[in-house]
Amino acid sequence: MVLVRMLVLAASLVLISACAEKSSTPRNSGVEIIDVSFQGHQENRPPYTVSKGQHVQIRVSTTVADELYVHGYEQKADAPAGYPAAVEFVADKTGRFDVEMRRAGVKLFELRVS
């Protein structure tokens with residue numbers, strides 16, 4: 001009887017540790033992260049290309065308060081000066097999409113989804 005209890009306890013501990021390992025997987029696994037900075041003026045950045053169906057996170061660090069906006073996906077985020085702003089979405093539409101700082105009207109880069 002003691003042996004059975006020990007086996008049940010051991011099996012429970014293995015199951016708990018397996019679940020704990022799965023929950024510690026980073027949330028952003030498999031996410032294509034695009035980091036850019038905005039200093040208040042236009043910069044010539046190359047386009048970023050991702051595959052259709054890819055999870056994408058665009059993060060912007062800015063020195064000027066503005067709004068990050070992804071055309072075609074209608075994703076936006078407030079971008080306070082000195083703090084990062086981010087949008088995350090699944091790139092489920094093919095084409096070319098401008099990513100801009102909306103209030104300044106400045107294109108950060110072109111996102112290409114194929």
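This briefing covers the fold of one protein chain and two of its glutamates. The model is predicted. The protein chain has 114 residues. One helix and eight strands make up its list of elements.

**Order of the elements**

- Start at the N terminus: the helix comes at the head of the chain, and the strands follow.
- Written out, the order is α-β-β-β-β-β-β-β-β.

**Burial and surface**

- Of the 114 residues in the protein chain, 29% count as buried.
- The accessible surface of the protein chain is about 7300 Å².
- Carbon and sulfur atoms account for 56% of that surface.

**Contacts along the chain**

- Take the contacts between residues at least 6 apart in sequence.
- Of these contacts in the protein chain, 56% join residues at least 24 apart.

**Glu67, a residue in a strand**

- Glu67 lies in strand E4, which spans residues 66-70.
- Is Glu67 buried or exposed? Its relative accessibility is 13%, so Glu67 counts as buried, because buried means under 20%.
- Which residues does Glu67 touch, leaving aside neighbours within four places in sequence? One run of partners is Lys76, Ala77, Asp78 and Ala79. The others are Glu100, Met101, Arg102 and Arg103.
- Strand E5 covers residues 75-79, and Ala77 is one of the residues in contact with Glu67.

**Glu74, a residue in a loop**

- Where is Glu74? Glu74 sits in the loop between strand E4 and strand E5.
- Glu74 has a positive phi of about 55°. Yet Glu74 is not a glycine.

Note on methods
Residues are numbered from 1 along each chain as its sequence is written. This is a predicted model: local features need pLDDT of at least 70, side-chain atom pairs count only at pLDDT 80 or more; totals for chains, interfaces and linings use all residues. Side-chain values use heavy atoms; hydrogens and water are left out. Helices (H or I, at least four residues) and strands (E, at least two) are DSSP runs, numbered from the N terminus. Buried means under 20% relative accessible area, exposed over 50%, partly exposed in between (1.4 Å probe, protein chains only). Contact means heavy atoms within 4.5 Å. Accessible areas come from the Shrake-Rupley method with a 1.4 Å probe; for residues, only the protein chains shown count as cover.
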